[in-house]
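This report describes the fold of one protein, the packing of its helices and the surroundings of selected residues. Please consult the sequence and the structure shown here while reading.

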Amino acid sequence: MSVTKEDVIEYLKNLSVIELSGLVKELEEVFGVSAAAPVAVAAQPAAAGGEAPKDAASEQTEFTLVLSEVGPQKINIIKEIRAIVPGLGLKEAKDLVEGAPQTVKEGLSKEDVEKYKKQLESFGAKVEVK
């Protein structure tokens, strides 16, 4: 019995954020690639073309929330991460926080990412928006 593309996609849908992050890192090592490389390459032509970076940012509609540093209130930050990422278990949220810097959530609207950033920063965390 062969595995179809749909089977793989269904399997990936059921992974936690931490499990998916680990899988991406392992795939990068096995295949000798980086998931971040296409983003960096795509950003260079815009900068070389002389366009102002704010033009690219004004067109951006989806943002990624990245936890850079935890800060002093780790327990509150773990609770907040669980509120931001529905379905994330306590262990996965704790692992995400302790493994900072880590991506918390991708594909967020500007309003949501700013709201989550303020909530995490209120507990002393350092957060990046990409």
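Is the crossing in which α5 passes α6 right-handed or left-handed? In this predicted model, the crossing of α5 past α6 is right-handed. The sections below place that crossing in context.

## Overall architecture

The protein contains seven helices and three strands. Read from the N terminus, the order of these elements is α-α-α-α-β-α-α-β-α-β.

The protein has 130 residues, and 22% of them count as buried. Its accessible surface amounts to about 9,100 Å², with 56% of that area belonging to carbon and sulfur atoms. When contacts between residues at least 6 apart in sequence are considered, 69% of them join residues at least 24 apart.

## Packing of α5 against α6

Helix α6 spans residues 90-98, and its axis and that of α5 come within 9 Å, crossing at roughly 120°. An angle over 115 degrees but not over 145 falls outside the perpendicular and antiparallel classes, and α5 and α6 are therefore oblique to each other.

On the α5 side, the residues that meet α6 are K74, I77, I78, I81 and R82. Their counterparts in α6 are L90, A93, K94, L96, V97 and E98. Sorted by class, this contact of α5 with α6 comprises seven nonpolar residues, four charged residues and no polar ones.

## Packing of α5 against α7

Helix α5 covers residues 74-84 and helix α7 covers residues 110-121; the two pack at an angle of about 165°, with their axes 10 Å apart. Because of this angle, α5 is roughly antiparallel to α7. The crossing of α5 and α7 is right-handed.

The contact draws on I77, E80, I81 and I84 from α5, and on Y116, Q119 and L120 from α7. By class, the contact of α5 with α7 has five nonpolar residues, one polar residue and one charged residue. I77 and I81 are listed in the contact of α5 with α7, and I77 and I81 also appear in the contact of α5 with α6.

## Buried residues and their contacts

I84 lies in helix α5. Its relative accessibility is 1%, so I84 counts as buried, the cut-off being under 20%. Not counting residues up to four places away in sequence, I84 touches L65, V104, K105, Y116 and L120. I84 and L120 are 36 residues apart in sequence, and their C-alpha atoms are 10.0 Å apart in space.

A125 is placed in the loop between α7 and β3, the latter comprising residues 126-129. With a relative accessibility of 6%, A125 counts as buried. Apart from neighbours within four places in sequence, A125 is in contact with L67, E69, V70, I77 and L120. The C-alpha atoms of A125 and P72 are separated by 7.7 Å, although these residues stand 53 residues apart along the chain. L120 thus features among the contacts of A125 and among those of I84.

## T64 in strand β1

T64 belongs to strand β1, which comprises residues 63-69. T64 has a relative accessibility of 18% and therefore counts as buried. Which residues does T64 touch, not counting residues up to four places away in sequence? T64 touches T103, K105, E106, V113, E128, V129 and K130. One of these residues, K105, is touched by T64 and is also touched by I84.

Methods
Residues are numbered from 1 along each chain as its sequence is written. This is a predicted model: local features need pLDDT of at least 70, side-chain atom pairs count only at pLDDT 80 or more; totals for chains, interfaces and linings use all residues. Side-chain values use heavy atoms; hydrogens and water are left out. Helices (H or I, at least four residues) and strands (E, at least two) are DSSP runs, numbered from the N terminus. Buried means under 20% relative accessible area, exposed over 50%, partly exposed in between (1.4 Å probe, protein chains only). Contact means heavy atoms within 4.5 Å. Accessible areas come from the Shrake-Rupley method with a 1.4 Å probe; for residues, only the protein chains shown count as cover. Axes are lines fitted to C-alpha atoms, for helices over the stretch in contact, and angles run from 0 to 180 degrees between N-to-C directions. Angles under 35 degrees count as roughly parallel, over 145 as roughly antiparallel, 65 to 115 as roughly perpendicular and the rest as oblique. A crossing is left-handed if the near helix is turned anticlockwise from the far one by less than a right angle, and right-handed if clockwise. Ala, Val, Leu, Ile, Met, Phe, Trp, Tyr, Cys and Pro count as nonpolar, Asp, Glu, Lys and Arg as charged, and the others, Gly among them, as polar.
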